[in-house]
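Q: Please take a close look at one part of this model, its nonpolar interior. Describe how it is built, and then set it beside the rest of the fold.

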Amino acid sequence: MFFDSNEFTKQMLKGKSKGTSLYKLSRPKLTLRPFVEFTDVELAQRPIGSPMIYDVECYPNFFCVSFKCPETGKVVYFERSPRSDFDGERLRWMMFKFCTVGFNSLAYDLPMVFAAAQGFDCAKLKAISNALIGEGMRPREVEKEYGFRVPFNTLNQIDLIEVAPLEGGLKLYAARLQADRLQDLPYEHTQHLTEDEAEVVKYYNINDDDNTILLYKELLPEIKLRETLGKEYNQDLRSKSDAQIAEAVIASELTKLTGKYPGKPRETITSVKYEAPSWIGYVSQELRDIVSAIEAATFPLDGNGSPMWPEGLGEREKTKTGYTNVLKARIGQSVYKLGMGGLHSSEKNVAHIATADTLLIDRDVASYYPRIILNERLFPKHLGEAFLHVYEALVNKRLDAKARGIKTIANALKITINGGFGKFGNQYSLLYSPKLLLQVTITGQLALLMLIEMIEFHGIPVVSGNTDGIVIKCPVDRYDDLNRVIAMWEQITGFETEETRYKALYCRDVNNYFAVKEKGDDSARMLSDRLGVKVKGSYAEVGSALNSVLSKNAEHLVCSDAVIHALTQGTPVRKTIEACRDVKRFTTIRKVNGGAEKNGEFIGKIIRWYYAKDCPGVIRYITNGNTVKKSEGARPLMDLPPEFPSDIDFDWYVSKAEETLEEIGFKPKKQAVMFF
C-alpha cells in the first residue's frame with residue numbers, strides 16, 4: 001500500500017479532499033452532455049469492491065482520468081492541465097477501494113493512472129503514453145524506465161479487452177451495442193489543447209466511460225462465469241479470454257498432477273502430416289481416395305504456427321480473403337468441400353419444407369472437438385498423457401455439473417474445455433500442438449462424411465452439412481431406419497448426436513440461412529429465438545463468437561426481422577418494416593480504416609447510418625476517396641436521435657427484405673428483362 005486507506009476514507013467522509021470543478025460548454029455540431037459528480041461523502045459510502053468504470057486521455061498539456069459508476073451514473077473526474085490539478089492520494093484511493101473496470105486498461109490506463117498519481121507532469125505522462133502506445137513498451141518496462149510502480153497484484157481490476165470476442169476496439173463494440181453516441185478522438189493526440197478543446201476532450205473521455213459501461217453490462221455473464229471458475233481454481237480469470245483461461249487452468253492442473261509447471265515445446269516444427277483413425281472407412285472409392293490424398297499431403301504452418309491447407313490438395317477456389325484449395329466429394333445430390341475451415345456442403349438458393357410425409361432433422365455432434373481429443377487420446381507431445389488426465393477430468397466435471405443442474409459451473413468449465421483449441425495452433429502457447437489441431441479438424445470432417453455416406457447409402461437424403469452437424473430430409477416412415485444408421489455410426493466413432501426438428505430451412509448457402517424450428521422461446525432476448533428461427537451468417541443479429549452481437553456489425557436488421565415474420569407468420573415485409581419505430585433496427589455499422597466523410601464532412605472511423613429519402617451521394621474513405629460499400633443514400637447517424645427519423649426510406653428496406661426472400665428460396669427470383 002502507498003498510503004493509509006482507512007485514514008483517507010475518513011477525510012473523504014468529511015469532504016476534505018481536493019476535487020475538480022466541471023464546466024458546461026457548448027460546441028458546434030456536438031452537444032456536451034452534462035453529468036453529475038459524486039460528492040466526497042457519496043463516494044466514501046460506496047461499497048468497497050463495487051464496480052467503477054474508468055478511462056484515460058493524454059495530451060502534451062492535458063491529462064485526465066474519469067470514473068463512472070455503472071449503478072448510479074455519477075462521475076469522479078481528475079484533470080492535470082494548466083487550469084487544474086488533483087490529489088494523487090485521492091486517485092490511488094479510488095484504485096484501491098473499487099473494482100476498476102477498463103478496456104485495454106492493464107496495458108495502458110493502469111500504468112498511466114499510477115504514473116499520474118505519483119505526480120508526473122503532463123509532458124512526462126505524454127512520454128509514457130507514447131511509449132506504451134507508439135513504441136509498444138510493456139507496463140513493466142515503462143515502470144522501470146520512468147521510475148514508478150503499479151501494484152498489479154493488489155488491485156481489484158478487470159480489463160474487458162480479452163473477455164470481448166474477436167479483436168474489436170472499444171468504439172466498434174460500442175457501435176455494435178448501439179451506443180447513444182459514436183465519437184472519435186476529437187483532436188490529434190500530439191496537439192496542445194486550448195481550454196475549450198480540453199473541455200471537449202473531458203466530455204469525450206466520459207463518453208468512453210459510457211461505452212465501456214455498455215460493454216461491461218453486456219459481458220457481465222462472461223465475467224460471472226470467470227469469477228466462478230476463478231474460485232474453483234484459485235485464480236483471477238476475470239480479464240482473460242476463453243483461450244487464456246483454458247491455458248491457465250490446464251497449466252495449473254498439470255502442475256498439481258506432475259509437480260512442475262509445464263513448459264512450451266522445445267522442438268521446431270515446420271510442417272505436420274495427418275493420420276486417419278483406423279475406424280475411418282467408406283463405401284465410395286472417391287472418398288477413400290480423398291483420405292489417401294490427405295494422408296499423403298504435408299501441411300505447412302503459417303507465421304503463428306498453425307497448419308495451412310496445402311496448395312496442391314484439391315481444387316483452387318476464390319474466397320473473401322483470396323484463394324484457397326479445397327477437396328470436393330459428391331455424396332447423393334450434394335457436393336461437400338473439405339478444408340482447414342471445416343466441412344461445408346455447397347447448396348445455394350434452396351428451400352426445404354417439412355411435410356406430413358417428410359421430417360426435416362438437424363443432427364449435431366455433441367462436444368465434437370473435445371470428444372475427438374479424448375476418443376483418439378490426442379495430447380501435445382511435450383505435455384505427455386498427463387494432459388489427457390487433466391482434460392478428461394475437466395470434461396467429466398462439466399458433465400457432472402450439467403447433469404446436476406449446476407449451470408454456472410457447467411458453463412464455466414465449457415469455456416476451459418473449448419477455449420484451448422485455438423492455442424493448439426499458437427506457437428507461443430504452452431498448449432502448442434499443430435499435429436493435434438490437424439488431427440482434430442480433419443478427423444471431424446472425415447467422420448461427418450462417413451455419417452453422410454451411411455445415411456445416403458440407405459436411401460435417406462442429406463441436404464446440408466457444416467462443421468459438426470447435418471440436416472436430413474427424412475421420410476416419416478424411414479425415421480426408425482435413420483436412427484439405426486446414426487446409432488451404428490455413433491457406436492463406430494464413439495460420438496453422440498443431438499436432434500433438432502425444423503419446419504423449414506431456407507438457404508442462400510450453407511453459411512447463410514433461416515431455419516424455422518418447431519417452437520420458439522417466449523422468454524428469449526432475440527426476436528429470432530422468440531419466434532423459433534435459427535438465423536446464420538449475414539442475416540443474423542449475432543456473430544458466431546460468443547453467439548453475441550459483439551462479434552458482428554449490425555446491418556439493417558429490420559430486414560431480417562421482416563423475413564422472420566414472413567417465414568413464421570406470413571406477415572408482409574412492408575407491414576413489419578413500416579411498423580418498426582426503433583431506429584437501431586434500421587442502422588448499418590461499418591469500420592472505415594482512416595476515417596469516412598460525406599459531402600466534405602468528417603464522420604468517423606467507426607460509422608453508423610440509415611438509408612434516407614432524398615439523401616443522394618455516398619460515404620467515402622478519407623484516405624483515397626473510394627466509396628464505402630453499400631453507402632449510396634446513407635445518412636450518417638453518429639448520435640441516436642430522441643425521436644424516430646421522419647425521412648427513413650422504407651422502400652429501400654422493403655426491397656432488401658424482398659430480395660432476401662428470393663435469395664433463400666422462399667420466393668422465386670425475378671427474371672431479368674431482356675431487351676433486343
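A: The secondary structure of the protein chain comes to 19 helices and 22 strands; helices (H or I, at least four residues) and strands (E, at least two) are DSSP runs, numbered from the N terminus. The radius of gyration, taken over C-alpha atoms, is 28 Å, close to the 26 Å that the globule rule gives for 676 residues, so the chain is as compact as a globular protein of that length. That rule is 2.2 Å times the number of residues to the power 0.38. This is a predicted model, in which local features need pLDDT of at least 70 and side-chain atom pairs count only at pLDDT 80 or more, while totals for chains, interfaces and linings use all residues. Residues are numbered from 1 along each chain as its sequence is written, and side-chain values use heavy atoms, with hydrogens and water left out.

Of the 676 residues of the protein chain, 54% count as buried. Buried means under 20% relative accessible area, exposed means over 50%, and partly exposed lies in between (1.4 Å probe, protein chains only). In soluble globular proteins, nonpolar side chains tend to be buried together.

Now the interior itself. The largest nonpolar core has 82 residues. Such a core is a set of buried Ala, Val, Leu, Ile, Met, Phe, Trp, Tyr and Cys residues joined through side-chain atoms within 4.5 Å. Helix H14 (residues 434-457) gives the largest share of this core, 14 residues. The residues with the most contacts inside the core include Ile294, Phe299, Leu338 and Leu446. A contact means heavy atoms within 4.5 Å. Leaving aside residues up to four places away in sequence, Ile294 touches Tyr274, Phe299, Trp309, Leu313, Leu327, Leu338, Ile442 and Leu446. Apart from this core lies another, of 51 residues, among them Ala504, Val516, Val558 and Ile603.

The loop between helix H13 (407-419) and H14 holds Asn426. Asn426 counts as buried because its relative accessibility is 16%. Not counting residues up to four places away in sequence, Asn426 touches Asn304 and Tyr432.

Next, the sheets. One open sheet of 5 strands has the order E3-E2-E1-E4-E5, with mixed pairing; two strands pair if DSSP finds at least two bridges between them. Its edge strands are E3 (75-80) and E5 (157-159), each pairing on one side only. Strands E1 (residues 51-59) and E2 (residues 62-68) run antiparallel and are joined by 7 bridges, and Val56 stands opposite Val65 in E2. Helix H3 (residues 88-97) packs on this sheet, and its direction makes about 140° with that of E3. Helix H4 (residues 105-117) lies across E1, E2, E3, E4 and E5, at about 75° to E1. Axes here are lines fitted to C-alpha atoms, for helices over the stretch in contact, with angles from 0 to 180 degrees between N-to-C directions.

Another open sheet, of 4 strands, has the order E21-E19-E20-E22, with antiparallel pairing. Strand E19 (residues 588-598) pairs with E21 over 2 bridges, and the bridge partner of Ala596 is Tyr621 in E21.

One helix is bent. Helix H8 (residues 195-233) has a kink of about 55° at Leu220, shortly before the proline Pro221; the bend at a residue is the angle between axes fitted to the seven residues ending there and the seven starting there. Just after H8, Asn234 takes a positive phi of about 55°.
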